[in-house]
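Work through the exercises below with the sequence and model open. Each task is followed by a solution in steps.

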Amino acid sequence: MKKQLMKRLLAAGMSIAMMGTMVACGATAQTTTTSETAETTETTASDAETTPASVDGSVKGALEGVTLSFGTSGLFAPFSYYDESGELIGFDIDFCNALKDYLGFEIEGEMQAMDYSALATSLAEGKLDFGMAALCATDERKEVMNFSETYCDSGQSLAINTESSPKDLTAVDMLTSGDYKVAVEKGTASHMYAINIGVPEDALEVHDEITTAYESLEQGKVDALIQDTPGLAYYIKTTEDTKIAITGDSFNQGQSPYAIAISFDCTEANPEIVEIFNKAVEELIADGTFAELSAKWLE
Amino acid sequence: MDLGFLGKLLPMLFTGLRVTILIAVVGIIFGFLLGTLAGFSLESRIKVFKGIANVYIWVIRGTPLIVQALYIYYVIPKLVGIDLSSNLSGILVISLNSGAFIAEIVRGALNGIDPGQREAGLSLGLTPAQTTWHIIVPPAFRSILPALFNQFIISVKDTALLSVIVVNEITHQAQNYASLSYKTIPTYTTLAVFYLILISILIIAQKMVERKIMR
C-alpha cells in the first residue's frame with residue numbers, strides 16, 4: 001500500500017515537473033520540433049528568475065576579465081566525451097569554447113568532467129560556475145540553478161536488442177505493463193519520463209552511467225532502454241557489432257531542452273550573466289557558428 | 001527545514017534496506033564457508049590447496065570491490081554464458097570478498113592455538129581430523145567471532161558500492177531520489193543517519209552475542 005501511495009506521489013510530482021518543462025520549452029530559441037502543447041502554453045512564473053533584458057547590442061567580449069569554472073559530463077557522446085587519446089571533445093565542449101572566445105572569459109583551471117549526479121550537485125552548491133553537458137532545463141533543476149535559453153532540443157527514443165528483446169516490444173507505452181525490463185540513466189530526462197508514464201518500479205533499472213545501461217542491453221540483461229535520441233543514435237552509429245537498434249518514433253519532444261546551467265553563486269557575482277549567455281547563444285546561432293557545430297557533431 | 005521529503009525518501013530507503021540485508025546476510029554466510037575453507041587450505045600441508053587459496057586471496061585483496069562487481073556482472077556472463085541477475089551478482093561479490101578476509105581471520109585463529117593442544121589431542125589417540133574438530137575448532141571459533149561480526153558490518157557497508165551494477169540497495173535508492181529531486185544534501189544527510197542507526201543496531205547485537213558466547 002505504501003509503495004502504491006509513494007508511486008502515485010512520485011507520478012504526481014513528475015507530471016507537474018513535466019508541465020513545467022513544457023512551459024520552459026515554449027520560450028526556446030529553437031523552433032524545430034516544439035510540441036503542440038508547448039506552443040499553446042503561456043510562459044509563466046518559471047521564467048521569472050531570468051534577469052530582465054538589460055543588455056543592448058552585441059555581447060561580444062562582455063565577459064572579458066571574468067574567470068569561470070566549468071563542468072561537463074565526459075560520458076555523453078556526441079555532446080561531451082573522451083576520444084581515444086583521452087581528450088575531452090564533443091558538441092558542448094566546442095560550443096563552450098566558442099562562447100569563451102566570443103564573450104572573452106577565461107576558464108578556471110581545466111574543464112571538469114564528472115557524472116550527472118555530481119555535476120548537478122556541484123552546480124547546485126556553487127562548486128562550479130557553469131556547466132554544459134546536454135543538461136536538460138527541468139523544473140527541479142531550476143530550483144537550484146539558473147538556465148540559459150535552450151540551445152538544443154532532443155526527444156527520447158526507445159532502444160531494443162535486436163536479438164534478445166521480445167519481438168512484440170515496439171512502443172514505449174508498452175513498458176507500463178511491467179513485462180519488459182527497461183534501463184535508464186539516473187537523473188536524466190529519460191529516467192523521469194519512465195517514472196512519469198508509470199513504468200513499474202520492478203521493471204526499471206536505474207544505472208549510474210549510460211555506458212553500463214548500454215552494456216546491459218547489449219547482453220540482454222534488459223529488454224529495452226530509453227535515452228535521448230542524439231546520444232542513442234551516436235552510440236549505435238559508432239559501436240561495432242552493436243545489437244542495439246531504435247524502435248518506433250522519437251517521443252517526449254520538447255522534454256529534453258538542453259541549456260547552459262549557471263550556478264546561483266555565479267549569478268550573484270555576475271548578475272547579468274544569464275542574459276549575456278542568452279544573447280551570446282542567439283548571436284552564435286545568427287552568425288552560423290551554431291550550425292557549423294551541429295553539422296560537425298549532430299548529423 | 002522542510003522535512004516533507006522524508007515521506008518519499010524513507011520508504012525508498014526501507015525498500016533498499018531489505019536488499020542490503022539480504023545481500024549482506026547471504027553474502028556473509030557463503031563468505032564464512034568460503035573463508036573457512038580457504039583459511040584451512042592456507043594452513044594445509046597440501047600444496048595445491050594452499051596455492052589456490054593464496055591466489056584467491058591475492059586476487060580479491062588486489063582489486064577494488066567496485067571492479068569485482070562490474071567484472072562479475074558484465075564480464076563473467078560473457079565468458080561463461082550464464083547470465084547473473086544484479087542481486088545474485090551482488091551476493092557473489094560480497095561472498096567472494098568477505099571470504100578472502102575471513103580466510104585471513106581463520107588462519108590467524110588457527111595459528112593462535114598453541115601447538116601443544118594438537119599434540120595433546122594426538123597423544124590421546126584422536127585422529128588428526130578428530131583433533132582438529134574437537135580440540136582446535138571450538139576455541140578458534142570463539143576467537144574469530146568478534147572479527148567475523150566486524151566483517152559483517154564491513155560487508156553491510158560494502159553493499160553501497162553495488163549500486164554500479166544496479167542493485168537497488170540503500171545507497172542506490174538515495175541516489176535515485178537525489179538525482180530526481182535535487183535535494184542532494186538533505187538526502188545524503190538522511191542516508192548517513194540511516195546507516196549510522198543500522199550499524200549501531202548491529203554493533204549492539206554484536207556485543208550481546210559476544211557476551212553470551214564468551215561467558
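**Exercise 1. Find the bridge partner of A:Y82 in β5(A), then place the pair in its sheet.**

Solution. Step 1: A:Y82 is bridged to A:L88 of β5(A). Step 2: the model is predicted, local features need pLDDT of at least 70, side-chain atom pairs count only at pLDDT 80 or more, and totals for chains, interfaces and linings use all residues. Residues are numbered from 1 along each chain as its sequence is written, while chains are lettered from A and ligands numbered from 1 in the order in which they are written. Step 3: strand β4 (residues 80-82) of chain A pairs with β5(A) in the antiparallel sense over 2 bridges. Strands are DSSP E runs of at least two residues and helices are H or I runs of at least four, numbered from the N terminus; two strands pair if DSSP finds at least two bridges between them. Step 4: the open sheet has 3 strands in the order β3-β4-β5 (chain A), with antiparallel pairing. Step 5: β3 (75-76) and β5 (88-89) of chain A each have a single partner strand, so each edge strand has one side without a neighbour in the sheet.

**Exercise 2. Check the length of helix α3 (residues 91-103) of chain A, and state which of its residues are buried.**

Solution. Step 1: the expected span is 1.5 Å times one less than the number of residues. Step 2: the 13 residues of α3(A) should therefore span 18 Å, and the end C-alpha atoms are 18 Å apart, in agreement. Step 3: count a residue as buried if 20 or more other C-beta atoms, placed from the backbone, lie within 10 Å of its own, as exposed if 12 or fewer do, and as partly exposed in between. Step 4: the buried residues of α3(A) are A:F91, A:D92, A:I93, A:F95, A:C96, A:L99, A:Y102 and A:L103. Step 5: their cover includes β2 (70-72), β4, β5, α10 (273-286) and α11 (289-297) of chain A. Step 6: just after α3(A), A:G104 has a positive phi of about 85°.

**Exercise 3. Trace the pairings of β10 (residues 182-185) and β9 (residues 145-161) of chain A.**

Solution. Step 1: on β10(A), A:V182 and A:V184 are buried on one side, and A:A183 and A:E185 on the other. Step 2: β10(A) runs parallel to β11(A), joined by 4 bridges, and A:V184 stands opposite A:V206. Step 3: the chain passes from β10(A) through α6(A) to β11(A) in a right-handed β-α-β crossover, that is, clockwise from the first strand over the helix to the second with the strands pointing away from the viewer. Step 4: β10(A) also pairs with β12(A) in the parallel sense, over 2 bridges; A:A183 is bridged there to A:L225. Step 5: β12 (residues 224-228) of chain A is antiparallel to β9(A) over 5 bridges, with A:S157 opposite A:Q227. Step 6: 16 of the 17 residues of β9(A) are buried, so this strand is largely enclosed by the rest of the structure.

**Exercise 4. How many residues does each chain bring to the contact?**

Solution. Step 1: take two residues as in contact if their C-beta atoms, placed from the backbone, lie within 7 Å. Step 2: chain A brings 24 residues and chain B 16. Step 3: the predictor gives the complex an ipTM of 0.72 and a pTM of 0.72.
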